[in-house]
Amino acid sequence: MKKFVLVIGTGWTSPAKRQVARMIGTTLADAGLGLVTGNSTGVDKWVADAFCGERTTHNEPIIGAFLQITLGGMRFFRRGGAPLPGYAAPAECKIRTRTVEDWKREALARSHAAVMVGGGRGALDIARRFIERGRPVFPLPFMGGLTGNSDFAFREILKTWDSHPVPGLSRSQFLQLAEPWVSGTGPLANLLRGTLAETPDVFISYRRSDAPAAAGRIAHDLAEHFGQRRVFLDIQDIAPSRAWDQSIEGAIESCKAGLIVIGRRWLAADPVDGKPRLFRDDDVVRSEINRLIIEKKAVFPVLVENATLPEASDLPEDIRSLLRCQATSIDNAGWEVTMARLIREVEQVIREAEVFARREP
């Protein structure tokens, strides 16, 4: 099921806000997300124009991916908009409402998340409604409006974070919304994907008797950047009702990159026969690596606790190609710098995979 993002904001746009709105529209289209807007001029118009233009460029249909919730006449002013022409949406994309309250209800019913660029009088009210329904909101605090605006909503959400946090986000992730956009839409793209993703992009393989603490720390850092739902770690991402092997198989099939966490006990011998557990046909770690190799996923060996890569003779033949992958060594002293570099490399792999998938017929 396609996930839809409501984008709302001021109807009185400066060139800077217009550019931000267009960048958000392009980001949503690139991520395969749907768009919900109003029919005001300003942010409504420019985000829709960029979103629909990007989908048209890639020969992707607009109908089914874009919804425009309309208000007529002078009711624009009650949403903070100007009575000027908005985006000319196809008739099939329009949802007509009679009152501002009806508009809000439709927006909430049809959207899985909300982004606020500036905003009108009801920005905080809409944000609260989304949070109460368990849906994330992303008010951009560097975009003001004429009346109530998204930086006000941002501050108010922070004040009540302990009792009403934004679903799917940590406090530190929410604070990333205040960071200037150096390229693209900054952290917003990853935060949106991380809260709305159906399947993981990153799979973490580790041995519980080897380095579970390091694997957990790596998973946490990756989740802070990419979002919790885009990072799979078996101890926290298998639902109680699902078989563990099916969950792992599904995660490997959908992921774009696999991290193999290798500590000093990764090659520990089986107490029964004295051989490394990797040589057992039913060893989970061996099966995970083999599947990643067969599926032609990008594989990143990550060496922790001063571990070294094993020799070819230490590995079963079906996973020896692991040794052709560039390994990353990480320790406490250089953790942040090494993780930042690793995240950049994983992000590049994900980006290339998404571009390739979008080019397929």
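**Exercise 1. The enclosed space**

State how many cavities of 30 Å³ or more the structure holds, and describe the lining of the largest cavity.

*Solution.* The structure, a predicted model, holds one cavity of 30 Å³ or more.

Step 1. For the volume, the largest cavity contains about 40 Å³ of space.

Step 2. The lining consists of Lys104, Ala107, Leu108, Ile126, Arg129 and Phe130.

Step 3. These residues are then assigned to classes: four are nonpolar, none is polar and two are charged.

Step 4. As for secondary structure, helix H3 (100–110) and H4 each contribute at least two residues to this lining.

**Exercise 2. The packing of H4 and H5**

Determine which class of packing angle describes helix H4 relative to helix H5, and give the handedness of the crossing.

*Solution.* Two packed helices are described by the angle between their axes and the distance between the axes.

Step 1. Helix H4 covers residues 123–132 and helix H5 covers residues 150–159. Their axes are 9 Å apart, and the packing angle is about 45°.

Step 2. The cut-offs are applied next: angles under 35 degrees count as roughly parallel, and 65 to 115 as roughly perpendicular. The angle of about 45° therefore makes H4 oblique to H5.

Step 3. The crossing in which H4 passes H5 is right-handed.

**Exercise 3. The largest pocket**

Give the volume of the largest pocket, and identify which helix supplies the largest share of its lining.

*Solution.* Step 1. The volume of the largest pocket is about 1500 Å³.

Step 2. The lining comprises 49 residues, of which Ala31, Arg193, Arg230, Ile350 and Glu354 are the closest to the pocket centre.

Step 3. At least two lining residues come from each of helix H1 (15–30), helix H7 (188–196), helix H8 (212–226), helix H10 (244–254) and helix H12 (335–359). The largest share, twelve residues, belongs to H12.

Step 4. Sorted by class, the lining has 18 nonpolar, 13 polar and 18 charged residues.

**Exercise 4. Positive phi values**

For Lys296 and Asn306, state where each residue lies and whether it is buried or exposed.

*Solution.* Step 1. Lys296 is a residue other than glycine with a positive phi, near 60°. Lys296 occupies the loop between helix H11 (284–294) and strand S10 (298–303).

Step 2. The relative accessible area of Lys296 is 74%. Exposed means over 50%, so Lys296 is exposed.

Step 3. Asn306, also a residue other than glycine, has a positive phi near 65°. Asn306 belongs to the loop between S10 and strand S11 (328–329).

Step 4. With a relative accessible area of 68%, Asn306 is exposed by the cut-off of over 50%.

**Exercise 5. Residues on either side of S1**

Classify Lys3 and Thr10 as buried or exposed, and give the C-alpha separations of Lys3 from Leu33 and of Thr10 from Thr41.

*Solution.* Step 1. Lys3 is placed in the segment before S1, whereas Thr10 lies in the loop between strand S1 (4–9) and H1.

Step 2. Buried means under 20% relative accessible area. Lys3 has 11% relative accessibility and therefore counts as buried. Thr10, at a relative accessible area of 2%, is likewise buried.

Step 3. Lys3 and Leu33 are 30 residues apart along the chain, and their C-alpha atoms are separated by 5.5 Å.

Step 4. Thr10 and Thr41 are 31 residues apart in sequence, with a C-alpha to C-alpha distance of 8.7 Å.

Definitions and conventions: Residues numbered from 1 in each chain as written. Predicted model: local features only at pLDDT ≥ 70, side-chain atom pairs only at ≥ 80, totals over all residues. Heavy atoms only, no water. 1 Å grid on protein atoms, 1.4 Å probe; cavity = no way out; pocket = protein on both sides within 12 Å on 5 of 7 lines; lining within 4 Å. Points joined across faces, edges and corners; volume = space filled by probe spheres on them. Helix = DSSP H or I, 4+ residues; strand = E, 2+ residues; numbered from the N terminus. Nonpolar A, V, L, I, M, F, W, Y, C, P; charged D, E, K, R; others polar. Buried < 20%, exposed > 50% of the residue type's maximum accessible area, 1.4 Å probe, protein only. Axes fitted to C-alpha atoms, helices over the stretch in contact; angles between N-to-C directions. Parallel < 35°, antiparallel > 145°, perpendicular 65-115°, else oblique. Left-handed = near helix turned anticlockwise from the far one by under 90°.
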